[in-house]
Structure formats: structure tokens, C-alpha cells
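Visitor: I have a model here and a few things I'd like to ask. Could you walk me through it?

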Amino acid sequence: MQSKSRQDIIVWLIVLALTAVAVVLNDDLGVLFKYPDHLVLPLIEPMNQGMRWFVLAFGWFFKAIGWVFDWPILFAKTILHAVPWFATLILATFVAYRAGGTGLAVFCAASILYMVSFGFWPQSMNSFALVVISIPLAVAVGFALGTWGYLSARAYRVIMPTLDLMQTIPAFAYLIPILLLFGFGTTVGLVASVLFAFPPMVRNTIVGLRSVTPTVIDSGLMSGATPSQLFWNVRVPTARRQLLLGVNQSTMASLSMVIIASIIGGTNDIGWEVLSTIRKALFGESILAGIVIALMAMILDRVTNGFAMRGTPTDERTKQSGRRAWIICGVAFVAAILVAQLIPLLSAWPKAWVLNPAPAMNAALEWTFLEFREGLEKIKQIAFFFVMLPIKLGLKQAVSPYTWGFAMTPMVIAIYAVLVLIPVALLAFKRRIMQAIWLALLGLVLFGGLTGTAWVALCAIVIVLGWQAGGRGLAIWIAAGLGFILASGIWNPATVSVYLCGVAVLVCFAIGGAIGIWASENDKVSTVVRPIIDTLQTMPLFVILIPFVMVFKIGEFTALLSICAFAIVPAIRYTEHGLRNLPHDVVEAATAIGCTRNQLLFQVKLPLAVPSIMLGLNQTIMFAISMLVITALVGTDDLGQQIYIGLGDGDFGVGMIAGVGMAIIAMIADRITQNISRNMQAKLGLRQENLA
Amino acid sequence: MSSSKTGSSAKLSCRNLWKLYGPNAASHLSDASRLPQNGGDAAELAQNIRDQGGIVAAADVNFDLMEGEIFVIMGLSGSGKSTVVRCLSRLVEPTSGEILLDGQDLLKASPKELIDFRRYKMGMVFQSFGLLPHLNVFENVAFPLKLQGMELQERSARAERVIELVGLEGRESSYPSQLSGGQQQRVGIARSLAVEPEVWFLDEPFSALDPLIRRQMQDEFLRLQQDLHKSIVFITHDFLESLRVADRMAIMKDGAVVQIGRPVDLILKPADDYVREFTNDVPWELILTAGDIASDNAPPDGIKEVPADTKVADLLPYLAEHHGGVAVRADDGSKNHMTGQDLISALASGVAKSAT
């Protein structure tokens, strides 16, 4: 143990020295500072050529599949448009009632009335048609693969890492090859949404089938079940709840991707409505359409979740009354269709009656901006100049007379060095060598900035971090990943991605952690916070952008805020969960010893909750990365932008390399934080537990 | 438990049963000359296998289950008792041995035959019930019949009958989550009886229940068996429970059977210290019968007569009042004298034995 920690210190000291040299020498390091362009592997052109060849050779095959898929989409659209909205409202409200009671039914009816009266009905049904077709496909594929992964250990070993990879590749990057293979059209949205939505079903299927207890299996066997009876009559129904949770997650992923896929255009759906209005800076319109997406997401989530959570019927009578209710609903549905023939209002909402508060909203917004422009600008500038720029470019470039009021003279640098060195020396004096080293490193990187520090130093830090968290295997893996990012020439956008993501994670972690702690200590706060973060989590990512674009226009600050709004969810959730689910006896013992509330929190609960909080950090990073890609829409200059460009130009190579780069960053962050959390858990002797 | 209702022919026989875990488990038994049936020593072989890193869950287990008998396998956790009962139904595949059901070797049965055995001849009750959470009581009980493909009408009639048998009538449409532990196990028992099995396996059926409920379920189990006369293998880790229910019992340790016999045999003549450990806490007066401790002397005339299988606990009040003792009548009609002094000597010798 002793020699291990000494070895750690030596390695970190070497890294520290390397970083110090890199920051001091700066550009003089040459190729070690900036990865030379001539060493960038020419990957893009061969990839594009390969793709072109592939499309030429097999394009007909995918076109054929696309043609086949067109029919069910067309069918669903025709039906959804043909049925009067009033009849749909009755059916949907009844389903919502069955899933979640009166409250959900009222919410569902109100939402549909909103869609109709604000004139979004046709677009909503176009999007919904895609979701309706993609869910059964995704669920079927996911269930089949999950079953296979459950039955065969070899299949499991292939499926799991593939899923990890698929779920870390950004949503936009999916679209590029699909677009090239299937050509423009609604099929792209369908295929992308199926590909995006089946992985959660696979995971839940495997977890569900595995969680069936051996006794239940034994009792099935002793009842004389054949293998297929055992599977369909024992395993699957026993795993029902987990399987339905999988359907819920697949549904949400499917909707999210259907919305994202509308970015390729040509579809008259609700996602396109939001995008096109954002691009035209029609914020009133875009928020009205965005609300439709939000409502759709909430209803789909609550309904599928409601069916998953609903226990099996408690007795025969409810079963029978359920059957009767369905019949009544069917009759009402048909009656509604007939009535709608007589009262045209119920099938097609008159144009003249469509509510359009958008112009008024835009005017109000304009007025607000005029009133508060200075304040808003001030907030934006402070955040930008004093937090974001220093982390991005480093203090050495961010500090200038224009922004900070003084220049980075040697004198100022010396003061900064002293300010960093005092606490470092203090820590070293207290024999907390590791903390001292890390603080010194932080000081150096903050001075150099993420984009302004030599790649050698940054790579060394990450690799050693990986080595310490997960051993040699992880270190080698990380080195290879970073090697790819360097060699494919995306180092600079990658550091911008890391910077945006890093700042967002820091903010989320500070604020989210505080809210999580508060919520864990106060039930009232918890009941307020929970529905908010639940809703945020189910929100398709586009929708989150809208309010921030409205207020702060495009730019990195807007991107940062949108990322924070989404990534704060796991930071809050895991902190609260970790603090609330501590071993009961420990908390009781600490209270009995006579801890004050603060002592209990800071000396008992928080240290014990650290592993859970670390998992929250992990999820915060993952959430931040998935949102980061979407923020390319508001003009960032990171990897997400490259993917977006690749998508816009149909440039497979550019988009795919950036997509893989993003996936590598996500996986490195994931592995390191997972390992740290696991190590801490092992040290505390706690059981690994997964939320999600 | 008198053995009179037990048949004399073996319903189920377990012969030289081995279950090994670990890599190349089967290869440990490949040398036929070392097997006990060929004159080898089982304990030595098992130790050898353990030394080589193998895990021995069952080592050369042999016993016969007689027609209509309750055969208890008793042992602490990890002694291999659950493995053995699972081998009997091939929920666990034995490494070697023979399981003869009505003389037919189960281990040679094809998968299809095995399913038929389970469907029509065996029933099993599990410690943690193993009920299907998505089915109500009626559907759970009728589940094995449904798998057989039985018509709904007959299925309902049979399920109703066993539900009544275990006293759950009126709860047919409840779901497992709405039932108490005792009620859930009644469902488990009803389900295992629905197929009208010939051999009935109970794997620690009452261990998950509260002591009071456990006692009550044991009584009901005995009442059921009085009517049903199944051939039963009953697994438990509770020595008192095995005394209550067993016609005969086997004590297992480290995968091997230490001793087989009637409960009273185990108490009076424990095979080794391990068995004696269990008998220490036994309230002897509940086990010993008048026949076990009566003297060899002929009784004087005119004193009270009692049958030989009377538990001595029932005689205590009488012996306290009557110093002349009682006459103990054996099955064959012969009579022996028994006094309070005989009883005290027997109990004392037991205490002395267990104190060593």
C-alpha cells in the first residue's frame, strides 16, 4: 500500500514537471505543443470514397428497405390524419386514464386541445406517425437481441460493448450514414429512430430476464415446462415490469430522435416547425411548437411508464370492468368519428379559430430585451470573460486590460504563481502530497487554458488519471483513443468540446449538488424538484435550447446554459439518492452518538454518499456530451459543429471522425469516473447500485 | 410417527449420487476403482477432490424412499441437502449416480421423458415459494395443469380441489403479493399437489415462515399426509422440525450422509459426535416412547396398561402419582414393567451421553 502510493506520487510529480515545462516553454515545444498538420492521417477522403463505393454497391438494397418502410409510415400518417382529432382525443384520453388515472387523462386531453387550437395538429401527427411505427420495430429488435444476449454468453460479450459505443456516438452522427444510404425522406427519421431507440430495450430485456429468481425458474421446471413454455410463460411474464420500462425508455429515445432527424428537412413535422422558426428567429412560434414536443414527450413518458408501473390487476372484478371500459371507449371512438362528420369543427379545426399569440409574444420579448438588455449582456460578459475564456484560452490570453482591467505582465504572472504556490505549499506541509500536486496541476492548466496547453501535457494528465483509476489496461485504451483524436486532426475542436463540457459539468455539479443536498434534507424541496428534473430528462433536447436562444441569442454562452439545464438532472438526482439511501444503521448510530445536523451531513452522510455522487458525475458528463452535440445549432466551434457540418454537406468522413472523436471523449470520461466510483465503493464496502 | 402406514417397497432410490462443481468436475470420478460401489472409500475420495480444488456438494449419497413415507434430509446450510433434492428432480444435473423412480433411472431419461416425469409424477415446494407474480392464486395452482394442456374445465375442478385442501378457498383471485408468507406457501403446496404427484419434494418449505405459523403449517402438513399418503422427501435445517415430521431421516454433513434412521434411533444411538450435537437440545421426553425405556421385567398385575408407542411426556403426570408404574404393551401383545425410576435412568443416561 505504502509503496503503491509512493509510486503514484512519483508518476504524478513527473506529470506535473512535464506540464510545468510545457506551460513555460509554450510554443517553443514545437510539434509537442501543436500536433503537426503533416502528421494528420488522411482519413477523410478514403472514408468518403469507401462510403461512395458502398452506396454505389449496396445503395439499391437500402433504397429497397426504405421503400418498404415508406408504406407503413404512409399508412400510419393516412390513418392519423383521417381520424378526426376529436376521436383521437377520446381514445388517447382513455388510454391515459388507464395508465395514470384522472390527472393524466385531463392533462392528455388538454394537451391535444392545445395542439389542435394552436394549429399544430397535422405536424404533430406527422411526427407521431414516425414514433408509432418506430417503437414496435425498436422494441422487437431490442427484445430479440436482449434475449440472444441473455441466452448466449458470447453474444452478451459482443452486444454490450457495441451498445456502449452506439449510445455514446452522438445522435447527429447517426444521421450521416443513414442519410447517405437511404436518401432524403421520412425513412431516415424512422431508421435513425429505430437505431437510436433499440439499445435501451436490449439492456432492459437482459436485466429483466436475468432478474427472474432461480426459485421461480425451478418451480416452472418442476411444473413440467418445456423450454419454450419456460421462456414465454415463466420468464417473460415475470420480467414484465422491466421489459415495459424498456419500452418506456425506447419510446422516449424514439421521439427524441424523430425530432432530431427533422434537421435533415423535407418533413412537415413538429421538429421541423421548431427548427425552421428558430432559424428565422421567430421565437414566439418556436416556443409554441416546442411546447407541443414537450407535451408529447410528457404524455408518452407518463403513459408508458404508467403501464409499466401498474401492478397486475388485483382481482377478477377490476379485470372485467377493465374489459367493459375498453368496449365503451371503442363505442365512443366510433361515435366520435360519426359525430365529426356532422360537426366539421371536430375533425378539422377552422383556420380562423387557430390561436396565434406568437406575434404578441415576439413583441413582448422584444420589449423585454430593450428593457433588460444591459443586465443580460452584463451577465453574459461576466460569465464569458471571467469563467469561460480563462478555462478555454488560459489566463495568459484571457487576461487583458480590455476585460480584466490589467495586462498579464510578468509581475501579475508572479503574483498568480505565488497565489497558487501558497496553498500548494500548505498542503504539502500537511503531508497531503497528492492534493498539493493536483492543485499545482490545476493552476498550471488554468494558466495555459485547455486549448492553449501543449497536447503532450494534457494527454499525460488524462492517461495517468486513467492509469490510477483503472490500471494499465485503461491507460493503454485511453492512449489509443487520444492517439486517434490527434492523428485524425480533430484535437482542437476536441479541446473546445472538453472545455464546454467541463465548464458545464463544473457548474452543474456545484449547483446540482447543492440542490441535491437541500432536497435530501427537506422533503418539500424534494417534491418540488423531482417532477422538474423528471420532466427535463424526458424532454427532447431541441426543446431545451429554445428559451436560452431566445434570451441570449446564439453563441457559446447559450450553448453552455442549455447544456447545464439538461446535465444538472443527474447531478441533483444522484446526490439526493445517494444521501437518502445510506445504510440506515450508520445514520442512526451517528445520531445516537450526538451528531448535530451539520456534523451528520458533512462528516457521515456526504462521505458515505461519495460513490453515488461520483456516479452522478459520470451521468452528468454523459448528459452534457449528448446535449453538447445539439448545441452545434447555436454556433459552437467544437466537435459537435464538425458533425453538424458533416451532416449538412453530406460529408461522411468529417462527420464520422468527429462523431467517433466525441464517442472517445465520452467513453474516456465514462470509464475513469466509473472506475473511481467503483474503487471508492469497494473501499467503503458498499454495494454497487445503478439508477438510470 | 409410526412406521405402520409406510409401505415396504422403495418408491425412489438414490444410489451412489455425486455432485461436483468446478472445472473438469466429472474427471474426478473417472477412476472407477476408487468409487465406493467398487470398494473405494467415499470420504477419502471426497477429500481428495477437495484437495485438488474441486467442490463436493454431494458425496456418494444413498437412500431409499419408501412408499408413503416421510423421509427427512436434515443438515446445516452448505451440507448439500438442497443439492440432493434438486438432483432427485434433475433441477441440478448429478455428476454420477442413479436415481430410480419405480425402478426407472431418471438420469437416463430423455429431456422429453424428464418433462413428463415432472408433469405427472413429481411435485415440489420451495423455501421461497417460487410463485409466479403475474398469476393469481387460482392461476398459479392451475399453472402446471395448463402446461400439460389440460382442458379448462378439468383444470378448474382440480385446482379448486387442492385450493380447498390447503384452506385457501375464497382467495382464488388474490395475487401472491397480497398474501402473507404462510398463505403464499399454501399456494406453493397446492400447486405442487395439483398434478397429484406420486413423490413430493419439500425443500425447507416452512423455513421462511414465523415460528408460530411454521408450527401450524407443520401440523397441517401432517394432516394432509394422513389423507394423501405421498412418498415425501422433506428438507430442513431444523432438527426439531425433522423430529416432528419424519418417519425416517438422514443427517448430512459436507455432502455426505452421516446417519440414516428413525429419529429415535438417531437420538439413542447417534453415529458420531456430529449427530450427538443435534440431539443435545432435544426434549427427550417428547421423543422417547414407553417401549424405548420399559424394563425387561414382567409387570405386576392390576396396574395401568399403556401401548408401547406412548410418548413418555404423556406418562409423566401419571408416574408422579403412581409409584407402582405402568405396564407397557408391545405390538406383539407382550408386556413389560416401567416405573418412574426407569424413566429417570433413561433421561439421565441421555444427559450423561450428551454431556460427553
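Visitor: Which residue in S2(B) is the bridge partner of B:Ser13?

Guide: First, the ground rules: this is a predicted model, where local features need pLDDT of at least 70, side-chain atom pairs count only at pLDDT 80 or more, and totals for chains, interfaces and linings use all residues. Residues are numbered from 1 along each chain as its sequence is written, with chains lettered from A and ligands numbered from 1 in the order in which they are written. Strand S1 (residues 10-21) of chain B runs antiparallel to S2(B), joined by 8 bridges; strands are DSSP E runs of at least two residues, helices H or I runs of at least four, numbered from the N terminus. In S2(B), B:Ser13 has as its bridge partner B:Asp64.

Visitor: Which strands of that chain B sheet stand at the edges?

Guide: The sheet is open, with 4 strands in the order S2-S1-S4-S5 and antiparallel pairing (two strands pair if DSSP finds at least two bridges between them). Two strands each have a single partner, so one side of each lacks a neighbour in the sheet: S2 (55-66) and S5 (104-105).

Visitor: Which helix gives the largest share of the largest nonpolar core?

Guide: A nonpolar core joins buried Ala, Val, Leu, Ile, Met, Phe, Trp, Tyr and Cys residues through C-beta atoms within 7 Å. Buried means 20 or more other C-beta atoms within 10 Å of a residue's own, exposed 12 or fewer, partly exposed in between, with C-beta atoms placed from the backbone. This core has 198 residues, and A:Ala504 and A:Ala624 are among those with the most contacts inside it. Its largest share, 16 residues, comes from chain A's helix H19 (residues 491-521).
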